[in-house]
Amino acid sequence: VASKHGGTREIAKAMAEELLAAGHHASVRDADEVESFDGADAVVLGSAVYAGHWLKPARQLADARADELAARPTWLFSSGPIGDPPMPQDADPEGIAAVSDATKARAHEVFAGKLDRELLTRPERLMVRALRAPEGDFRDWSAIRGWARGIADELG
């Protein structure tokens, strides 16, 4: 997972909990710490989305290890739209179709994120203010956990 302020990492942890509850081994690792997928039967790779793009560590990992990801069941997720309803509605990050094709991902899902202004840097706070982005936690835990249970079901 690539997470800038921890919200996307929390999503990954919830998914790992569901996979563990279904009897699968699961661990959450930061994208910039993954050197290979040896020993992994399947991968769920996710990233926060900022300015319409996955974070650099997730993009680099997907690019560098696309063949390894394509050799095993792989799912992708993004988090980032905020508000009620979450905006932007067309929340697919730029380039995700190419990542999905290169990794032969079974699916890509976008989940709403959260915005806590206190965690932001000064430039990020200025951007959020200019965009009038709503503060709050917009994550749908039922949808997140349900998607992870679907992955567990596919894995058998």
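**Figure 1. Arg139 as a buried residue in a loop of the predicted model.** In this predicted model, R139 has a relative accessibility of 10% and therefore counts as buried, since the cut-off for that word is under 20%. The residue belongs to the loop that runs between β6 (136-137) and α6 (141-155). Its side chain takes part in a polar contact with the side chain of E10 at 2.6 Å, and the side chain of R139 also makes a polar contact with that of D137, again listed at 2.6 Å. When the neighbours within four places in sequence are left aside, the residues in contact with R139 are G7, E10, I11, A112, G113, K114 and I144. E10 thus appears in this view both as a polar partner of the R139 side chain and as a member of the contact list.

**Figure 2. The packing of helices α1 and α6.** Two packed helices are described by the angle between their axes and by the distance between those axes. Helix α1 (residues 7-21) packs with α6 at an angle of about 45°, and the two axes lie 8 Å apart. That angle makes α1 oblique to α6, and the crossing in which α1 passes α6 is right-handed. On the α1 side, the residues that meet the other helix are E10, I11, A14, M15, E17, E18 and L19, while on the α6 side they are W141, I144, R145, W147, A148, R149, I151, A152 and L155.

**Figure 3. Ala152 in helix α6.** A152 is found in helix α6, and because its relative accessible area is 4%, which is under the 20% cut-off, A152 is described as buried. Without counting neighbours within four places in sequence, A152 is in contact with L19, A22 and H24. One of these partners, L19, is also among the α1 residues that meet α6. The C-alpha atom of A152 is separated by 18 Å from the C-alpha atom of K104, a residue 48 places away along the chain.

**Figure 4. His24 between α1 and β1.** H24 is found in the loop between α1 and β1, and at 18% relative accessibility the residue counts as buried, because the limit for that class is 20%. The side chain of H24 reaches the backbone oxygen of G156 at 3.2 Å. Leaving aside neighbours within four places in sequence, H24 is in contact with L19, A152, L155 and G156, so that G156 is named both for the reach of the side chain and in the list of contacts.

**Figure 5. Two nonpolar cores.** The largest nonpolar core has 18 residues, and those with the most contacts inside it are F37, L45, W54, L61, L76 and V99. The elements that give two or more residues to this core are β1 (43-50), α2 (56-64) and α4 (96-103), with β1 giving the most, namely four residues. A second, separate core of 16 residues includes M15, W75, I144 and I151. For a closer look at one member of the largest core, L45 is in contact with W54, A58, L61, A62, L69, W75, L76 and F77 once its neighbours within four places in sequence are left aside.

**Figure 6. Val1 at the start of the chain.** V1 is found in the segment before α1 and is buried, with a relative accessible area of 8%. Not counting residues up to four places away in sequence, V1 touches T8, R9, A12, V28, R29, D30, A31, G46 and F77. V1 and V99 are 98 residues apart in sequence, and their C-alpha atoms are 15 Å apart in space.

**Figure 7. Ala51 and Lys104, two loop residues with positive phi.** A51 is found in the loop between β1 and β2 (53-54), and its phi is near 50°, a positive value in a residue other than glycine. Because its relative accessible area is 73%, and the cut-off for the word is over 50%, A51 is exposed. K104 is found in the loop between α4 and β4 (107-111), where its phi is near 55°, likewise a positive value in a residue other than glycine. With a relative accessible area of 57%, K104 is exposed.

Definitions and conventions:
Residues numbered from 1 in each chain as written. Predicted model: local features only at pLDDT ≥ 70, side-chain atom pairs only at ≥ 80, totals over all residues. Heavy atoms only, no water. Buried < 20%, exposed > 50% of the residue type's maximum accessible area, 1.4 Å probe, protein only. Polar contact = N/O pair within 3.5 Å; in protein donor to acceptor, adjacent residues only side chain to side chain. Contact = heavy atoms within 4.5 Å. Core = buried A, V, L, I, M, F, W, Y, C linked by side-chain atoms within 4.5 Å. Axes fitted to C-alpha atoms, helices over the stretch in contact; angles between N-to-C directions. Parallel < 35°, antiparallel > 145°, perpendicular 65-115°, else oblique. Left-handed = near helix turned anticlockwise from the far one by under 90°.
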